[in-house]
Amino acid sequence: MNYAKGKIIAAPSSCVRPAMANNNNNNGNNNNWCQIEANSRIRISLQDTSRMDAPASDIGVQEILTSCQGKSFPIQFSVPFESYKIVPGRRYAISVRVTQTSGAGTLTWVSMTYNEYRPGVPQTITIQRVRS
């Protein structure tokens with residue numbers, strides 16, 4: 001089993017910094033005061049994006065459920081996949097979707113850019129809040 005590893009961070013424009021946030025206690029992370037809402041499902045997918053005009057197909061998926069307190073950034077991930085599914089010459093990407101687990105499963109955060117998968121290189125995926 002192989003793993004696509006990395007971390008998820010929030011786009012700065014997706015978080016409104018509280019007026020009382022302490023800039024001296026952020027442990028090197030500029031958005032640790034911003035978090036994914038409680039009772040959310042974070043779905044990280046490694047996808048084959050090679051086929052033109054066709055939906056991407058999942059090669060590996062990791063799902064993380066947040067607790068009643070939510071989850072602060074950065075969020076570490078490790079998507080398991082079978083190495084034989086990676087074919088030389090094809091394109092692969094990592095995508096992230098965050099939905100609420102209650103109600104209609106509303107989309108709350110999403111990766112908006114193409115995040116090319118590079119084997120063996122830890123990835124940093126930036127996600128943005130979906131405006132309702």
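**Note on the predicted model: strand E3 and its surroundings**

1. Arginine 41 is partly exposed, at a relative accessible area of 31%. The model is a prediction, and the side chain of arginine 41 is placed in a salt bridge with glutamate 63, at 3.1 Å from N to O. This pair links distant parts of the chain, since arginine 41 belongs to strand E3 and glutamate 63 to strand E4, 22 residues apart. Glutamate 63 is partly exposed as well, with a relative accessible area of 45%.

2. Glutamate 63 has a further partner in arginine 43, where the closest N and O atoms are 3.6 Å apart. Arginine 43 is in strand E3 and glutamate 63 in strand E4, so this salt bridge ties together parts of the chain 20 residues apart in sequence. The relative accessible area of arginine 43 is 28%, and because buried means under 20%, the residue counts as partly exposed. Together with Asp58, the residues Arg41, Arg43 and Glu63 are linked in a network of salt bridges.

3. Which residue does aspartate 48 meet in a salt bridge? The partner is arginine 90, and the N to O distance is 3.1 Å. Aspartate 48 lies in strand E3, whereas arginine 90 sits in the loop between E6 and E7, so the contact ties together parts 42 residues apart in sequence. The two ends differ in exposure: aspartate 48 counts as buried at 9% relative accessibility, while arginine 90 counts as partly exposed at 45%. The structure holds five salt bridges. In general terms, side chains of opposite charge can pair when their charged atoms come close.

4. Strand E3 has pairing partners on both sides in the sheet order given in point 5. With E7 the pairing is antiparallel over nine bridges, and serine 40 stands opposite glutamine 100 there. With E4 the pairing is antiparallel over eight bridges. In this second pairing, isoleucine 42 has isoleucine 64 as its bridge partner, and serine 45 stands opposite valine 61. E3 is mostly covered, with seven of its nine residues buried.

5. The sheet is open and has seven strands, in the order E4-E3-E7-E8-E9-E1-E6, with mixed pairing. E4 and E6 are the edge strands, each pairing on one side only. From one strand to the next, the twist averages 25°. As a rule, the side chains of a regular strand alternate between the two faces of the sheet.

6. The largest nonpolar core has 24 residues. Those touching the most other members are Ile8, Ile42, Ile44, Leu46, Phe73, Trp109 and Ile127. Two or more core residues come from each of strands E1 (2-10), E3 (40-48), E4 (57-65), E6 (75-81), E7 (92-100) and E9 (123-129). Strand E3 thus appears both among these contributors and in the salt bridge from arginine 41 to glutamate 63.

7. On confidence, the mean pLDDT of the protein chain is 85, and 86% of its residues reach 70 or more. Which stretch stays under 50? Residues 18-32 do, and the model has twelve contacts for them beyond four places in sequence. Where pLDDT is low, the predicted coordinates should not be read in detail.

How values were computed: Residues numbered from 1 in each chain as written. Predicted model: local features only at pLDDT ≥ 70, side-chain atom pairs only at ≥ 80, totals over all residues. Heavy atoms only, no water. pLDDT = per-residue confidence, 0-100. Contact = heavy atoms within 4.5 Å. Core = buried A, V, L, I, M, F, W, Y, C linked by side-chain atoms within 4.5 Å. Buried < 20%, exposed > 50% of the residue type's maximum accessible area, 1.4 Å probe, protein only. Helix = DSSP H or I, 4+ residues; strand = E, 2+ residues; numbered from the N terminus. Salt bridge = Lys/Arg side-chain N within 4 Å of Asp/Glu carboxyl O. Pairing = 2+ DSSP bridges. Axes fitted to C-alpha atoms, helices over the stretch in contact; angles between N-to-C directions.
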